[in-house]
Amino acid sequence: MTGHLAEVDLPRGELAEPEERGTLSIAHAVVRKVAQHAADQVPGTVQAERRVAGLTTGRSGAGVKVGGQDNDVDLALDLALRYPGPVRSVTGDVRSKVTEEVERITAYHVRSVAVTVSALLPDARPRVQ
């Protein structure tokens, strides 16, 4: 592969006008994934052990619930943070990053971001390497 791209003539005359082409809907499940990814990228957040009925099922990052209607969404995040660490500044950074990414990627307006810190976890280093 040489990195050369072939030029293709598109039949531009056959496309309908933009307002007649239909609509684009982005499901709240997509908003949830975008918010989860953005929250997990903020320094100070950590993955927490996930348990169902007392059994460990792995590790996961932020949990997110999405509500709202029309173009406004309300987000509720459940996070685990590194301990010791600045909880207030990390949660502020999470709110900013999540709002910015959701609005940039989905064009939804983020009306509110509620953050619950459900765990403070120390850096766990293996005792034997």
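1. In helix α2, the buried residues (under 20% relative accessible area, 1.4 Å probe, protein chains only) are Val90, Thr91, Val94, Val98, Glu101, Val102 and Thr106. Looking down the axis of α2, these buried residues sit within an arc of 105° (taken from the directions from the helix axis to the C-beta atoms), so they line one face. As a reminder, an α-helix has 3.6 residues a turn, so residues three or four places apart point the same way.

2. A word on the model: it is predicted, with local features needing pLDDT of at least 70 and side-chain atom pairs pLDDT 80 or more, while totals for chains, interfaces and linings use all residues. Numbering runs from 1 along each chain as its sequence is written, and side-chain values use heavy atoms, leaving out hydrogens and water.

3. Turn α2 around and you'll find Arg88 and Arg104 exposed (over 50% relative accessible area) on the face away from the buried side. Cover for the buried residues includes α1 (28-41), β1 (45-46), β5 (72-83) and β6 (109-122).

4. The length of α2 checks out: its 20 residues (87-106) should span 28 Å at 1.5 Å a residue (times one less than the number of residues), and the end C-alpha atoms are 28 Å apart, which agrees. Just after α2, alanine 107 has a positive phi of about 70°.

5. Now for valine 66, which is in strand β4 (residues 63-67). Its relative accessible area is 24%, so valine 66 counts as partly exposed (between the 20% and 50% cut-offs). Leaving aside residues up to four places away in sequence, valine 66 contacts (heavy atoms within 4.5 Å) His28, Val31, Arg32, Val73, Asp74 and Leu75.

Definitions and conventions. Helix = DSSP H or I, 4+ residues; strand = E, 2+ residues; numbered from the N terminus.
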